[in-house]
Amino acid sequence: MTSAQIRQSFLDFFKSKQHAIVPSSSLMPTAPNLLFTNAGMNQFVPYFLGDQAAPWKRVADTQKCIRAGGKHNDLEDVGFDTYHHTMFEMLGNWSFGDYFKKESIQWGWELLTKVWGIPPKRLFATIYNPDKSKGDPADRDEEACAIWAEIFKKEGLDPAVHIVNGNKKDNFWMMGDTGPCGPCSEIHFNLLPSDDEAEGRKLVNSSSPRCIEIWNHVFIQFNANADGTFAPLAAKHVDTGMGFERVAGIHATTKGFKDFSAEPSNYNADVFQPTFDKIAALSGQAYTGTVPETRSLLNKQETLDVTFRVLADHARCVSCAIADGILPGNEGRNYVIRRILRRGIMYGQKNLGLKTGDFSALVAPVIESLGDVFPELKTQRVMVEKAIRAEEESFGRTLDKGLQIFNKSAAAGSITGAAAFELYDTYGFPLDMTQLLATERGLSVDSAGFETEMEKQRERGRAARKTDVIVAATEGEATAEATKFTGYEIDAAHATHAKLVDVVKTEKDTYLVFDQTPFYGEMGGQVGDTGHALINGAKVDILDTVKDKSGRHLHKVAKDTPVAAGAAAALQIDFNRRRAINRHHSAAHLIHWALRKVLGTHVRQFGTHKTPDRLRFDFTHFEQLTHAQLREVEQMVNEKVIDNAKVVSAEIEYAKKPDDVLAFFGDKYGKFVRLVDIGGYSKELCGGTHVTTTGEIGLIKITAEMAIAAGTRRIEAAAGQAALNFVVHEEEALKAVNARLGAGPHDVAAKLESVLNHQKELEKKLKAFEAKASAGLAEELSTTAVAKDGLKWVSAIVTADNTDALRSLGSQVLHKVGAGAVVQLGAVMDGKVSLVAYCSPEAIKVGQAAGKLIGALATKLGGKGGGKPDYAQGGGGDASRLADALKL
């Protein structure tokens, strides 16, 4: 069987057992606490938790997974062995309150031994047996043990040999400290040349590549309570997982599970072959499958084979991640993908001599292998290739220089924390890449020193940020009650009657806390409201509103405002200002929607800021937007404004949000969240305030687009009156230009082009006159040459507009004086001295050098300079001493 046939046979088998075959979920997880989708069960967690009713009783699929970063991190092992991957497929089948242990185990045995033909004698099953001395929970899984005993007896095998006990570490699965959990039963495959059962049993759970877990069956039957007890679940579930590359690699290595003489390798699976072929074609090298015994001092072929595996794995990982909208970036999961991509680029260039653009060439063979099962790879191919190429070009500009810095530090015998930080901060080398390079040479990296430098950088960043409001916003007691927010639906005449419950004072400011408020506290990129409060008949201006970590809204007032807790208050926001903020917030949602339509679904909000006057929207994308793309985005959002669609906000359970609702990694969501739906086409989780129809936004005008980091772009825009003000300002500027050029609005471009062309002609003529004048001056200076030490010296103060003109003049004088010439000239420009010196070949032969001449001259003037024997330049600050310095 081919790898594709193995995958399909798994799915077909469970389809025959009445399982629904579902597609892989995205590598972008829906749970905000995960970096990546890292297991087949991730998309089914709401069903296990009981938050949602499962739409099926039985399901099977193949799921893309990434384990790099966070709790599960295989990155550093990839390439050095034959079974670790950053991205892999997990074949799995699930039961949601339907079948349980008997069917799961029996079907697993049937697929492995009857369908695929794995020799039963080579299989071992582990079952849960708690180590009570270590506090392991629950009892021994006698049910699974009995099922396995019956299976092995039917095969003529001894259950006492083929059933192996495992403790909590190996055979008990928990989702967290509390919640669904249960025992698991793993199937292990003896890959030793001999099928001796006793030898095989010894290697179970020993981390030996010659006896590996091939399939894990998790039986979710308990709920872990907060008090440490375990209660049976009303509905029991099954969750199984099998590494696709592992079983496909074993099948290929053993020639269909028949010949176990060769060392097993996942990379023998034909799913990797197209990528290996492409790497070989690009590099002129061949993959032979060697595996190093250590990670340092590898021989040439070991280095080549490690590099082939690294490139094949990383190309798959990065291609699938980018196709799912996870672009290389500077934070979170985006930075992990950047690290993986840069690790691959560095390996390819350093060990195989690959060039910029070669890594993006690996996308095609990845799609050849995986495109049919993961169709998003085909639909997003152009975007994936562009994103990788952009990162190659960006990293390529610093890689060579960074390696020079590394080599210099390595020559000293170790890599200091400061050097590792410089490589990270200036040249884009992730710490693990520096550690990898060091390991290859048998060196260590001062990781603690690196972290010290990183903390210094964080401190500099914190010091540069505004901190006064942050201090005020976090001083509330952890037990304080959150303020009730009443400001989603208000009008100009609306006043909220509230009670002043606290007065928070800091060194600089005073904040009022009410039991309820219509004032929005700054959050999610939306600025806080302003307005006023009537307290004891006096009007108190509210200058800003922020939230503390307890959820209290802190209303900033003048420092010495005379108020006390317990007073009644009438609160009224600045309604016109709020409406302007609403316009910009809703406009940001529309721009996000349009960008995803125009550029692709990889676009994700990466930061935003909404004020009454403007909006800033940061998003993931790998290249500058073209003028046509910006015009299309602007056209689309304004069409939606004209449509005047309803903007509906509603509170929903986070676990029940529809699949087409955008949520953002890093944001913390409670059980209930606020959904903002614009016309049914833009749906985002958002706690901010918005217009009620898109028509309220008015004109939306994009004012700027720029890069803020590699892989991250920024759009600035204005909406409503702010947009109109921007357009008026632009029109006034255009009219002023028209008036100066004597042109109308339709021919101003042609008129400006004519003026610029005329200016170029004048500049060309001016340069010709200057050259002629310079030649005349050079002729004049050459006549002043003084004979000294058998050479002809010209040393003079001249007038020059800039250093280029000074250099040109000195060169002309040297040419006119001829053989044996030495020229040194000085000019004062903006109060500072510029110097040049030239020496002819004859002068150099007798010991003169322009660099030495300039060094001596510059020193006399309190400056510095230098250069080569034939030409040098320098400068100084003391122009009063120039004449004396140039005296021969």
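1. Is Asp789 buried or exposed? This is a predicted model, and in it Asp789 has a relative accessibility of 63%, so the residue counts as exposed, the cut-off being over 50%. Asp789 sits in the loop between strand S26 (786-788) and S27. Its phi is positive, about 55°, although the residue is not a glycine.

2. A second non-glycine residue with positive phi is Asn205, at about 60°. The loop that holds Asn205 runs between helix H7 (197-202) and strand S8 (211-224). Asn205 has a relative accessibility of 32% and therefore counts as partly exposed, since this value lies between the 20% and 50% limits.

3. On the chain as a whole: the protein chain has 888 residues, and buried residues make up 51% of them. Its secondary structure comprises 26 helices and 31 strands. Along the principal axes, the C-alpha atoms fill a box of roughly 115 × 85 × 55 Å. Of the contacts between residues at least 6 apart in sequence, 68% join residues at least 24 apart.

4. Two residues illustrate sequence separation against distance in space. Phe244 belongs to helix H8 (residues 244-253). Phe244 and Glu89 are 155 residues apart along the chain, and their C-alpha atoms are separated by 5.4 Å. Leaving aside residues up to four places away in sequence, Phe244 touches Ser3, Arg7, Glu89 and Leu91. The relative accessible area of Phe244 is 0%, so Phe244 is buried.

5. Lys547 is in strand S16 (residues 544-547). Lys547 is 255 residues from Pro292 in sequence, and the two C-alpha atoms are 56 Å apart. With a relative accessibility of 28%, Lys547 counts as partly exposed.

6. Does the end-to-end distance of helix H22 (residues 748-782) agree or disagree with the expected span? H22 has 35 residues, which at 1.5 Å a residue should span 51 Å; the end C-alpha atoms are 50 Å apart, and this agrees. The buried residues of H22 are Val748, Ser774, Ala778, Leu781 and Ser782. Among the elements that cover these buried residues are helix H21 (721-741), strand S27 (791-797), helix H23 (803-817) and strand S28 (821-829).

7. The packing of H22 on H23 can be stated in more detail. The angle between the two helices is about 50° and their axes are 9 Å apart. H22 and H23 are therefore oblique to each other, as 50° falls neither under 35 degrees nor in the range from 65 to 115. The crossing of H22 past H23 is right-handed. On the H22 side the contact involves Ser774, Ala775, Leu777, Ala778, Glu779, Leu781 and Ser782; on the H23 side it involves Leu809, Gln812, Val813, Lys816 and Val817. Sorted by class, this contact of H22 with H23 has seven nonpolar, three polar and two charged residues. An α-helix has 3.6 residues a turn, so residues three or four places apart point the same way.

8. Helix H19 (residues 575-598) and helix H20 (residues 627-643) have axes that come within 9 Å and cross at roughly 130°. H19 and H20 are therefore oblique to each other, because 130° lies above the 65 to 115 range and is not over 145. This crossing of H19 and H20 is right-handed. H19 contributes Leu590, Ile591, Trp593, Ala594, Leu595, Lys597 and Val598 to the contact, while H20 contributes Gln629, Glu632, Val633, Met636, Val637, Lys640 and Val641. The contact of H19 with H20 has 10 nonpolar residues, one polar and three charged.

9. How are H14 and H15 oriented to each other? Helix H14 (residues 381-411) and helix H15 (residues 417-427) pack at about 170°, with their axes 10 Å apart. H14 and H15 are therefore roughly antiparallel, the limit being an angle over 145 degrees. From H14, the contact takes in Phe395, Thr398, Lys401, Gly402, Ile405, Phe406 and Ser409; from H15, Ala419, Glu422, Leu423 and Tyr427. By class, the contact of H14 with H15 divides into six nonpolar, three polar and two charged residues.

Conventions: Residues numbered from 1 in each chain as written. Predicted model: local features only at pLDDT ≥ 70, side-chain atom pairs only at ≥ 80, totals over all residues. Heavy atoms only, no water. Helix = DSSP H or I, 4+ residues; strand = E, 2+ residues; numbered from the N terminus. Expected span 1.5 Å × (residues − 1). Buried < 20%, exposed > 50% of the residue type's maximum accessible area, 1.4 Å probe, protein only. Contact = heavy atoms within 4.5 Å. Axes fitted to C-alpha atoms, helices over the stretch in contact; angles between N-to-C directions. Left-handed = near helix turned anticlockwise from the far one by under 90°. Nonpolar A, V, L, I, M, F, W, Y, C, P; charged D, E, K, R; others polar.
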